[in-house]
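Dear colleague,

I am handing over the structure below for you to look at. My notes on it follow.

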Amino acid sequence: MELQLKIWRQKKADSPGGFEVYRVKANEHMSFLEMLDVLNEQLIAERKEPVAFDHDCREGICGACSMVINGRPHGPNQGTTTCQLHMRFFKDGDVITVEPFQARAFPVIKDLVVDRSSFDRIIQAGGYISVNTGQPVDGNAIAIERDTASMAFDAAACIGCGACVAACPNGSAMLFVAAKVSHLGLLPQGKIEQDGRVQKMVAQMDEEGFGNCSNVAACEAECPKQISVSNIARLNRALIAASFQSS
Amino acid sequence: MKLDAKIPEGSLDQKWTQYKSRVPLVSPANKRKLEVIVVGSGLAGASAAASLGELGYQVKCFTFHDSPRRAHSIAAQGGINAAKNYMNDGDSVYRLFYDTIKGGDYRAREANVYRLAEVSNAIIDQAVAQGVPFAREYGGLLENRSFGGVQVSRTFYARGQTGQQLLIGAYQALSRQISLGTVKMYNRHEMLDLVVVDGKARGIIARNLITGAVERYAAHCVVLATGGYGNVFYLSTNAMGCNATAIWKAVRNGAFLGNPCFTQIHPTCIPVSGDYQSKLTLMSESLRNDGRVWVPARKEDAEAIRRRQKSANDIPEDQRDYFLERRYPAFGNLVPRDVASRAAKVECDKGLGVSPTGLAVFLDFGAAIRRYGKSKASVAGKAQPDEATIEKLGREVIAEKYGNLFEMYEKITGENPYNTPMMIYPAVHYTMGGLWVDYNLETNIPGLFAIGEANFSDHGANRLGASALMQGLADGYFVLPYTIGHFLSGEIRTPAIDPASPQFEEAEQKCKMRIEQLLQTRGHQSVESFHRKLGKIMWDHCGMSRNLQGLQSAREAIRNLRSEFWKDVFVPGRADEFNPELEKAGRVADFLELGELMVVDAMHRNESCGGHFREEHQTGEGETLRDDQQFNYVAAWAWPDLDREPELTREPLNYEYVKIATRSYK
Ligand SMILES: Cc1cc2nc3c(=O)[nH]c(=O)nc-3n(C[C@H](O)[C@H](O)[C@H](O)COP(=O)(O)OP(=O)(O)OC[C@H]3O[C@@H](n4cnc5c(N)ncnc54)[C@H](O)[C@@H]3O)c2cc1C
Ligand code: SF4
Ligand code: FES
């Protein structure tokens, strides 16, 4: 199949960017990133600069890949990261627009690569259980109900990709924060610090320049790990509980 | 040079306990003055950096990723071993130790492996306390499953995402130390060289990948936790960024590389489908708990399947060859990886492969679906369930156990593995070889430590499933924090290391010159094309089976490719900017050197053991044939000067507790 790609090119964080159009031949077995590899090899052969994009595992688990394809973070398929998107979902002659994730808290580094270190700082603010190496009791000392463990897992499946932010008209990171707050808060080990954790993480989120949540739920629709917005409700309850505690 | 593994005196089960009570301590006041560089933030690096920070050392941690959470460890699927014996099925520290030594085909060091088994249980406790949501039984206790090469269930898991959950646990512990100020994190920084001052590792040169600046970082010691080098084969299950640069630069500075040719080829991966392919995807070994591996017994059937005239479901039971169950009745589908991989290759070489390329075998869940379906129906009180009910209930159980793997398979291949069996083929997965380390996890360069997949230590010639996560976390949480004191206790009077010294200056200049050379060659071939060519040489001649002639030709071919690279590579862009092609170029240049050493090692080891299968040395039944008289040692290679031959030092392996025997899974 032959495709026309409209790709956002931007040299540096502070330089202006714009779309460039490329033609590339692909086949249906390729992944989207392999199709971009082909384009890049083509550009290199023409002694031009290849398109920069973040990627690593190419299995949908590391959270590195991040582009917006035809207006949707990680492309058209539900529950799928860009690296897992295959070309059989496109057809000959398609025009595909590719842009970086856009949000105030995710400045562009180059082309499709953005800086998501704000997520790391939110975790550093309180997204952990305070336990030093060597302190814990036996792993089976505290039984955890199977369903509870499973719910915690569902939230812990977040890959920190930032698609939720890119999908949100307000550029909010609520789904990401809520996923962590739920993961830890649902487990007995994480309950103890929950109040402080919620407050500190939300404060850091605000400081990083993420927007407010206005219940649009676009985040859930675009999340490649299908993290549920019910986690946001849980986060809001936890916030209220925490503010009662502190007042 | 004589290698001293520094194995403590005493009986096997007392060595570590006694070591811990005797190793010199560093007082809290002194810890605050001692700086440690940790390169890598995977399971090994993140757990080490966090634990060292907790102890009070001043840590600088580096990763080329944009966040520590993206390290390749995140992709581990199946699970992590521990000798908890929660299942009451006869497991013990000794059995885990023994299985690991035997699985490694008697080429690992007893004392290290025993210690690994000893600390394995604490890892589970630690992870649970951090909030790792392991799978649980209905009663709320931790659940286990089996992996290859063992007859107990000792593998803990978190659906098919165990590595992700364990890494997030370690990442959160690391994040906590970052917020407390004990660890300073350098994301998107790639180590380009090691700096050795007066014989001790004292720092690194790193490139800031965003600005392109080449920077100096000094510390009292350096820990490399930079993962494996499977990507030397181009196609592997490793993430795209995995590379050998850090350990290779250590070798170029005088460190020994242990058993570089010991590579693990994993039997259950999605087969290669085209030449544009950038990587291969693993289907976790846990699938062999329930999946049965087979090929058609008759060549005609295999041919018809390849031509798509027949499908797997058209082949009746009695026309299928479950070749692992046939050849290895005692372990069946759960033989170790090297054994399973070779067996699949043998069948495909006979013309029984089932994909259009002929390089694939089936992994079939049909029997498991029916078995689980029946048992679920009976629990639900259905005495005589119909076939459709059985199928439906069985699929639910399989989905719960392996759902994400089945989804991943379908996303890639476009085929539904609930309906037709998966097609799988072996692929490069893990490197048992790595930097040679002693009992302290210290290399032969004082002050340089290596942990996780980056070292050679515990897996001998073949790693058992679910043991890499165990080893990475054992090293980082529970071993290095003690053993590093062995070195650092002697450094309490050493003031902060000065990055302005001539050694730093020289190393920095060397890195800059190399970058310039890469950019100024301005030839006609892309970095990628060199990497592909190297990968093909390695796979064809230093892969699943090897012979002298092939290895000789491979060495020649790699040397030619290397000189071609430096004459004809084209790297676009500049040095002082974000330039992924430049990063890749440096990594491939290092692979082109490392690959040759792997071939040299494979050539010298004139025996077969574990994943190292020399065609000249096999039993009548096609099993590996070791030569314990001649090769019962670790091959530690030095190669500081590429114009001379690599130099071999042997560390003899003394088996005091395990009786060395022929590995049998029949
Ligand atoms: C698909 C897959 C599935 C697996 N499943 C399992 C499993 O179920 N059970 C199991 O036990 N094992 C499994 N393994 C093996 C296991 O995941 C790895 O061996 C292990 O995670 C390696 O951890 P590590 O910390 O040593 O290295 P990695 O996780 O690879 O981390 C390396 C770190 O070093 C950094 N780094 C590397 N080079 C540089 C440099 N030059 N400068 C700066 N930073 C650098 C990287 O950024 C990264 O942070 C699997 C492996 C694969 C490929
Ligand atoms: S919540 Fe979903 S979209 Fe947001 S970072 Fe996590 S995985 Fe990505
Ligand atoms: S590259 Fe890892 S999730 Fe896409």
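I start with ligand 2. The shell around ligand 2 consists of 13 residues, and the closest are A:Cys158, A:Cys161, A:Gly162, A:Cys164 and A:Cys223. Two elements of chain A, α4 (163-167) and α5 (174-186), each give two or more residues to this shell. Sorted by class, the shell holds eleven nonpolar and two polar residues, and no charged ones. Please keep in mind throughout that this is a predicted model.

Next, helix α2 of chain A. The helix covers residues 117-124, and seven of its eight residues are buried, so it is largely enclosed by the rest of the structure. The buried residues of α2(A) are A:Ser117, A:Ser118, A:Phe119, A:Asp120, A:Ile122, A:Ile123 and A:Gln124. What covers them includes α4, α5 and α7 (194-207) of chain A, together with α6 (162-180) of chain B. Two of these covering elements, α4 and α5 of chain A, also appear above as contributors to the shell around ligand 2.

Then the domains. The domain assignment splits chain A into domain 1 (2-109) and domain 2 (116-246). The C-alpha centres of domain 1 and domain 2 of chain A are 29 Å apart. On the domain 1 side of chain A 22 residues take part in the contact, and on the domain 2 side of chain A 20 residues do. Between them, domain 1 and domain 2 of chain A bury about 1600 Å², with 56% of that area on carbon and sulfur atoms. Of the area that domain 1 of chain A buries against domain 2 of chain A, 33% comes from A:Pro73, A:Ala105 and A:Phe106, more than from any other three residues.

How many salt bridges does the rule find across the interface of domain 1 and domain 2 of chain A? It finds two. Separately, I noted a salt bridge between the side chains of A:Asp54 and A:Arg116, at 3.6 Å, N to O.

One last residue is A:Gln102. A:Gln102 sits in the loop between β5 (95-99) and β6 (108-110) of chain A. Is A:Gln102 buried, partly exposed or exposed? Its relative accessible area is 48%, and because exposed means over 50% and buried under 20%, A:Gln102 counts as partly exposed. From A:Gln102 to A:Ile142 the separation is 40 residues in sequence and 43 Å in space, C-alpha to C-alpha.

Regards

Methods: Residues are numbered from 1 along each chain as its sequence is written. Chains are lettered from A and ligands numbered from 1 in the order in which they are written. This is a predicted model: local features need pLDDT of at least 70, side-chain atom pairs count only at pLDDT 80 or more; totals for chains, interfaces and linings use all residues. Side-chain values use heavy atoms; hydrogens and water are left out. A residue is near a molecule or strand if one of its heavy atoms lies within 4 Å of it. Helices (H or I, at least four residues) and strands (E, at least two) are DSSP runs, numbered from the N terminus. Ala, Val, Leu, Ile, Met, Phe, Trp, Tyr, Cys and Pro count as nonpolar, Asp, Glu, Lys and Arg as charged, and the others, Gly among them, as polar. Buried means under 20% relative accessible area, exposed over 50%, partly exposed in between (1.4 Å probe, protein chains only). Contact means heavy atoms within 4.5 Å. Domain bounds come from an automatic or database domain assignment. Buried area is the accessible area (1.4 Å probe) that two parts lose on being put together, summed over both. A salt bridge is a side-chain nitrogen of Lys or Arg within 4 Å of a carboxyl oxygen of Asp or Glu.
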